[in-house]
Amino acid sequence: MNLHSNLFRVTFFALLIKLASAPLNYLMLIALARAMDVEGYGIFAFGFSAALTLGQIALMGQNQLVLRTLPANTSPGQESVRKAAISYGVRNVLGAGLLLSLALAAYGMTTEDSLSMLAAALLILPIAFAEFQSSVLRAQNKVVGALAPRDILWRLSVISVTGLIILGVLPPLEPAWAILLCTGSLVFWLIVQARFDAATKYTEVFKDRHPSQKREWWGMTKSFWLASVVIISGPNLAVVAIGVVMSPEQTAPFFAALKTAQLMTLLLLAANLAATPLISRAYSEGEHETVRKICQSVSAAAGGFAALGLVAFWTFGGAALSLFGPDYAVAKPELLVLSLGFAVSAAGGLNGILMQMAGQEKPFARLSLIWNAIGLAVLIPVVWVFGTLGAAWTVALTTISWNVHAWVLCRRRIGIDPSLLGFALPPPQLPMKG
């Protein structure tokens with residue numbers, strides 16, 4: 001396998017899709033905001049963020065399992081291992097997703113916005129399964145099929161319906177119906193996506209019994225699971241915390257600022273999609289120099305893009321937030337603070353992916369848990385005292401802290417610097433094997 005040409009080809013397609021999907025995602029959130037009032041959008045943001053958080057928990061790290069297992073078992077004789085890993089992942093995601101959906105539905109019955117929370121409960125499983133199914137296809141370098149249904153077609157579907165509402169063809173959108181629109185359209189595209197690849201035709205995967213490595217896989221995935229939950233859920237939980245402590249009218253602008261700031265990591269996310277299976281295979285084959293070059297390329301592109309984003313948000317942040325509506329520009333200070341944290345994350349490069357693909361998933365899970373637990377512990381008190389700006393600083397400082405810690409461990413334990421600093425600092429030594 002020519003890793004360099006493969007990386008270029010896969011990254012090119014991933015980047016094209018991400019360059020298209022990031023504006024579409026932003027436009028989808030703007031269209032939903034325009035299709036309802038600020039209070040309704042705040043309720044939607046609360047339910048949507050809760051579903052994203054619980055969907056990440058329901059994923060149980062199975063996306064990282066297939067990204068690590070499938071590329072390392074590519075020969076025809078290892079087909080049973082590949083099918084067993086997919087079967088194991090599907091069963092875990094379905095079981096966890098259903099349990100968490102029931103839990104959120106039960107909680108929703110106790111709230112004033114019970115209909116919206118019940119709708120959010122239905123979104124949990126599609127959110128989790130979309131990431132898992134995409135990872136199965138990414139593990140085979142089928143980037144277009146993995147990303148286009150969720151990143152492009154799903155968002156276009158939501159935008160099309162909300163566009164009719166904005167034009168007055170359909171009545172204004174209620175929060176519950178907004179969440180159901182996202183759920184129904186996502187389920188439709190997941191079904192379409194599953195029919196175009198043998199690996200995602202799950203009846204075939206389940207047809208025969210395959211030897212499973214449950215104990216080994218659980219030991220691996222629980223670390224992936226913990227790390228991904230605490231890192232991805234932290235920003236979404238900030239929205240939930242604001243929704244609990246403050247009003248929907250204050251939740252909505254913060255949600256808009258968070259989603260705008262997350263555009264800073266566009267190139268990093270695109271590179272993650274392409275580089276994860278390549279790093280997994282290259283590291284397993286002892287090609288450390290190839291891994292280093294992949295990480296350097298990513299940190300240079302992602303860090304440069306983030307620097308431009310900081311300048312753009314400082315200059316035009318208020319205008320960007322005003323796209324959601326005239327009441328959203330008040331969150332520009334929060335936008336700038338959040339952007340600082342995501343800029344450091346982008347400059348850090350593939351630190352988390354590198355640790356997970358290099359057998360350091362347990363240390364990465366621990367550092368992720370420590371820093372994000374600290375952030376979550378102070379989140380509610382900080383929001384209570386300092387409001388949405390306090391929530392922004394909590395998210396930003398938490399993001400910076402775990403990225404710096406991961407960078408230190410990458411240099412010490414793996415001998416590769418995945419960050420922008422790798423261009424300036426002396427290269428670390430590869431750790432001695434004993």
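1. Helices here are DSSP runs of at least four residues, numbered from the N terminus. On that basis, Val 230 lies in helix H9, which covers residues 214-245. The model discussed in this note is predicted.

2. Val 230 has a relative accessible area of 10%, so the residue counts as buried, the cut-off being under 20%. Its C-alpha is 9.2 Å from that of Gln 56, although 174 residues separate Val 230 and Gln 56 in sequence.

3. How many salt bridges does the structure hold? The count is six. As general background, side chains of opposite charge can pair when their charged atoms come close. Points 4 to 6 take up some of these pairs.

4. One network of salt bridges links Glu 131, Arg 138, Arg 150, Asp 151 and Arg 155. Within this group, Glu 131 pairs with Arg 138, and their closest N and O atoms are 3.8 Å apart. The cut-off for a salt bridge is 4 Å, so a separation of 3.8 Å qualifies. Glu 131 and Arg 138 are both buried.

5. The same network includes Asp 151 and Arg 150, whose side chains form a salt bridge with an N to O distance of 3.2 Å. Are these two residues buried or exposed? Asp 151 is buried, because its relative accessible area is 1%. Arg 150 is buried as well, with a value of 16%.

6. Asp 417 sits in the segment after H15 and is buried, at 5% relative accessible area. Which side chains does the side chain of Asp 417 contact? A salt bridge joins Asp 417 to Arg 411 at 2.7 Å, N to O. Polar contacts run from the Asp 417 side chain to the side chain of Trp 407 at 2.9 Å and to that of Ser 419 at 2.8 Å. Arg 411 is buried, as is Asp 417.

7. On the surface, a patch of positive charge brings together Lys 222, Lys 362, Arg 366 and Arg 413. Which helix gives the most to the positive patch? Helix H15, residues 361-414, does so with three residues. Arg 366 is located in helix H15. With a relative accessible area of 48%, Arg 366 is partly exposed. Patch members need over 30% relative accessible area, so Arg 366 passes that requirement at 48%.

8. A surface patch of negative charge is made up of Asp 37, Glu 39, Glu 112, Asp 113, Glu 174 and Glu 249. Where is Asp 37 found? Asp 37 belongs to the loop between helix H1 (3-34) and helix H2 (38-59).

9. There is also a nonpolar patch on the surface, of about 390 Å², formed by Leu 164, Leu 167, Val 169 and Leu 170. Leu 167 is placed in the loop between helix H6 (143-166) and helix H7 (175-194). Its relative accessible area is 71%, so Leu 167 is classed as exposed, for which the cut-off is over 50%.

Note on methods: Residues numbered from 1 in each chain as written. Predicted model: local features only at pLDDT ≥ 70, side-chain atom pairs only at ≥ 80, totals over all residues. Heavy atoms only, no water. Patch = residues over 30% accessible without salt bridge, like charges linked within 9 Å, V, L, I, M, F, W, Y side chains within 5 Å. Areas by Shrake-Rupley, 256 points an atom, 1.4 Å probe, with all protein chains shown as cover. Lys, Arg positive; Asp, Glu negative; His and termini not counted. Charge placed at Lys NZ, Arg CZ, Asp CG, Glu CD. Helix = DSSP H or I, 4+ residues; strand = E, 2+ residues; numbered from the N terminus. Buried < 20%, exposed > 50% of the residue type's maximum accessible area, 1.4 Å probe, protein only. Polar contact = N/O pair within 3.5 Å; in protein donor to acceptor, adjacent residues only side chain to side chain.
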